[in-house]
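Here's a quick briefing on some side-chain pairings and where they sit. Have a look at the structure first, then go through the notes below.

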Amino acid sequence: MGITEKKIERINELARKSKAEGLTDAEAAEQAVLRQEYIAAVRRNLRSQLDSIDIREPDGSITNLGEKYGAKAENGKEGN
């Protein structure tokens, strides 16, 4: 599930309303859900970028971070 421009606009709209006049309980719950979706999308994007990074080791070998650390994320051992 990706974050769409429409959802980002809604997040911003709720943030402005929160500062101006406050949110109803339903709006606050909606804001919390949208924020969690946004954070999850950012984490997926960052993980994808990190997984594609190769590091040249001092001995000249190349280590892919996705291959080196990806197993932790797949096994649920990754810390947040």
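The side chains of T63 and E57 are joined by a polar contact of 2.9 Å. This is a predicted model, so keep that in mind as you read on. T63 itself sits in strand β2, which covers residues 62–64. Beyond that pair, there are five salt bridges to think about, and some of them are picked out below.

**Around T63**

- With a relative accessibility of 18%, T63 falls under the 20% cut-off, so it counts as buried.
- Leaving aside residues up to four places away in sequence, T63 touches I53, D54, I55, E57 and K68.
- E57 therefore turns up twice for T63: it is on that list of touching residues, and its side chain makes the 2.9 Å polar contact.

**K7 and E37: helix α1 to helix α2**

- Side chains of opposite charge can pair when their charged atoms come close.
- K7 and E37 do just that, with a salt bridge of 2.7 Å from N to O.
- K7 belongs to helix α1 (residues 5–20) and E37 to helix α2 (residues 25–51), so this pair ties together parts of the chain 30 residues apart in sequence.
- K7 has a relative accessible area of 22%, so it goes down as partly exposed.

**E27 and K17: another link between the helices**

- A salt bridge brings the side chains of E27 and K17 together at 2.7 Å, N to O.
- This pair links distant parts of the chain, with E27 in helix α2 and K17 in helix α1, ten residues apart.
- Buried or partly exposed: what is E27? At 14% relative accessibility, E27 counts as buried.
- Its partner K17 is partly exposed, at a relative accessible area of 24%.

**R10, E13 and E30: a shared network**

- R10, E13 and E30 are joined into one network by salt bridges that share partners.
- Within that group, the side chains of R10 and E13 meet in a salt bridge of 2.6 Å, N to O.
- Where do R10 and E13 lie? Both are in helix α1, three residues apart, which is about one turn of the helix.
- R10 is partly exposed at 23% relative accessibility, and E13 is partly exposed too, with a relative accessible area of 42%.

Terms used: Residues numbered from 1 in each chain as written. Predicted model: local features only at pLDDT ≥ 70, side-chain atom pairs only at ≥ 80, totals over all residues. Heavy atoms only, no water. Helix = DSSP H or I, 4+ residues; strand = E, 2+ residues; numbered from the N terminus. Buried < 20%, exposed > 50% of the residue type's maximum accessible area, 1.4 Å probe, protein only. Polar contact = N/O pair within 3.5 Å; in protein donor to acceptor, adjacent residues only side chain to side chain. Contact = heavy atoms within 4.5 Å. Salt bridge = Lys/Arg side-chain N within 4 Å of Asp/Glu carboxyl O.
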